[in-house]
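I opened the model to look up its charged pairs and how far their side chains are covered, and I kept these notes as I went.

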Amino acid sequence: MERRIEQELESLKGLLLTMAGEVEQQLALAVRAVVERDDAAASAVISADAGIDQREIEVDRRIIELIVRERPLARDLRLVITAGKIAPDLERVADHAVNIAEQALLLNRQPPLKPFLVMPRMAQVASGMVRDAITAFINGDAVAARRVVAQDDVVDAMHEEIFRELLTYMMEDARTIRRALALLLIARSLERVADQATNISEQVVYLEEGEDIRHQRPEGSRG
């Protein structure tokens, strides 16, 4: 017969999976607000942020109840602790989505600066990293988590490409500075989303393999 704590842990994983899905949806809406100049999408992201905050509180409450009621030990306890670290990372991704939405509202009141080429791809990779990191946690898959960590350099490279391009715009025409700075802030938020996914993946590796890979970067990598 399945232990009750195993049922509780599966329920906790399901709650995190739901939160991750909501966060991913918010990020997609925020990027749409920028690319499609959609004020309604931006406003929806900002309005929904309080719900994500409540979801984090719900995860915290569930963790406390589980610890008090079930007194988990060994791996079960490590899994619960990891879940408690993942929820704030997801909440920060939602905060970055809000930051993007706020910049979208500013940009949408001005003429477009340039076609969007790299940024949508950057958003797609960063969002995929979040999804894959949570899937790795749910499945206990350290190999998949390590793949997510490796993708962080891809997002960093895109961030640098956008930075160089927008810097050129600002140097050539001072009238573009305000719009370029807003786009830089958006790119920075996407880069931070990838960082949060990396944090989650590093926690998964530690949970599954007992190896702390934080601050470990292959020679020649960025950041």
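I looked up E211 first and noted it as partly exposed at 33% relative accessibility, taking buried as under 20% relative accessible area, exposed as over 50% and partly exposed as in between, with a 1.4 Å probe and protein chains only. The model is predicted, so I accepted local features at pLDDT of at least 70 and side-chain atom pairs at pLDDT 80 or more, while totals for chains, interfaces and linings use all residues. I number residues from 1 along each chain as its sequence is written, and side-chain values use heavy atoms, without hydrogens and water.

The side chain of E211 meets that of R146 in a salt bridge at 2.8 Å, N to O, the term standing for a side-chain nitrogen of Lys or Arg within 4 Å of a carboxyl oxygen of Asp or Glu. Because R146 lies in helix α5 and E211 in the segment after α6 (177-209), the pair ties together parts 65 residues apart in sequence; helices here are DSSP runs of H or I with at least four residues, numbered from the N terminus. R146 is partly exposed, with 32% relative accessible area.

I then turned to E191 and R188, whose side chains form a salt bridge at 2.5 Å, N to O. They sit 3 residues apart in helix α6, about one helical turn, and I noted E191 as buried at 7%, whereas R188 is partly exposed at 40%.

For D173 and R175 I recorded a salt bridge at 3.1 Å, N to O, with D173 partly exposed at 24% and R175 exposed at 70%.

Searching the whole structure, I found 19 salt bridges, and I noted a network of them linking R4, E8, R69 and E70.

Key. Helices (H or I, at least four residues) and strands (E, at least two) are DSSP runs, numbered from the N terminus.
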